[in-house]
Amino acid sequence: MTETLLLAFALMLVLEGVVPFVAPGTWRETFRRLIRFSDGQIRFFGLTSMLIGLVLLVVLK
């Protein structure tokens, strides 16, 4: 289980690095939009992302 979580974390870091590498302007504009969101909206997106990731880990394992 620990190995799976570490692999998932490593994959997340790789995927997170692709957008700024390939399209830095788009990445910068996305962050400009994100800073306008309220804390509640950001938490909702974070929670949704975590739940989807956990479901994928369980289903694909």
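Me: Before we start, what does "buried" mean for a residue?

Reply: A residue is called buried when its relative accessible area is under 20%, exposed when that area is over 50%, and partly exposed in between. Keep in mind that this is a predicted model. Here, 0% of the chain's 61 residues count as buried.

Me: Okay, and how do I read the overall fold? Which elements does the chain have?

Reply: Go along the chain and note helices and strands as they come. This one has three helices and zero strands, so from the N terminus on you read α-α-α. The radius of gyration is 14 Å, well over the 10 Å that the globule rule gives for 61 residues, so the chain is more spread out than a compact globule. If you like boxes, the C-alpha atoms fill one of roughly 35 × 30 × 15 Å along the principal axes.

Me: What about the surface? How much of it belongs to carbon and sulfur atoms?

Reply: The accessible surface comes to about 5600 Å², and 73% of that belongs to carbon and sulfur atoms.

Me: Which residues make the nonpolar surface patch?

Reply: Val19, Trp27, Phe31, Leu34, Phe37, Ile42, Phe44 and Phe45 make a patch of about 740 Å². Helix H2 (24-34) and helix H3 (39-60) each supply at least two of the patch residues. Take Phe45, which sits in helix H3.

Me: Is Phe45 buried, exposed or partly exposed, and why?

Reply: Phe45 counts as partly exposed, because its relative accessibility is 46%, and that class lies between 20% and 50%.

Me: Now the charges. What should I look for?

Reply: Side chains of opposite charge can pair when their charged atoms come close. In this chain, the mean positions of the 6 positive and 4 negative charges are 7 Å apart.

Me: How many salt bridges does a search of the whole structure find?

Reply: Two. In one of them, Arg32 pairs with Glu29, with the closest N and O atoms 3.5 Å apart. In the other, Arg33 pairs with Glu29, and there the closest N and O atoms are 3.9 Å apart. Together, Glu29, Arg32 and Arg33 are linked in a network of salt bridges.

Me: Where do these partners lie along the chain?

Reply: Look in helix H2. Arg32 and Glu29 are three residues apart there, about one turn of the helix. Arg33 and Glu29 are four residues apart in helix H2, again about one turn. As for accessibility, Arg32 is partly exposed at 44%, and Glu29 is partly exposed at 31%.

Notes:
Residues are numbered from 1 along each chain as its sequence is written. This is a predicted model: local features need pLDDT of at least 70, side-chain atom pairs count only at pLDDT 80 or more; totals for chains, interfaces and linings use all residues. Side-chain values use heavy atoms; hydrogens and water are left out. The radius of gyration is taken over C-alpha atoms; the globule rule is 2.2 Å times the number of residues to the power 0.38. Buried means under 20% relative accessible area, exposed over 50%, partly exposed in between (1.4 Å probe, protein chains only). Accessible areas come from the Shrake-Rupley method with a 1.4 Å probe; for residues, only the protein chains shown count as cover. Lys and Arg count as positive and Asp and Glu as negative; His and the chain ends are not counted. The place of a charge is taken as NZ of Lys, CZ of Arg, CG of Asp or CD of Glu. Patches are made of residues with over 30% relative accessible area and no salt bridge: like charges are joined within 9 Å, nonpolar side chains (Val, Leu, Ile, Met, Phe, Trp, Tyr) within 5 Å. A salt bridge is a side-chain nitrogen of Lys or Arg within 4 Å of a carboxyl oxygen of Asp or Glu.
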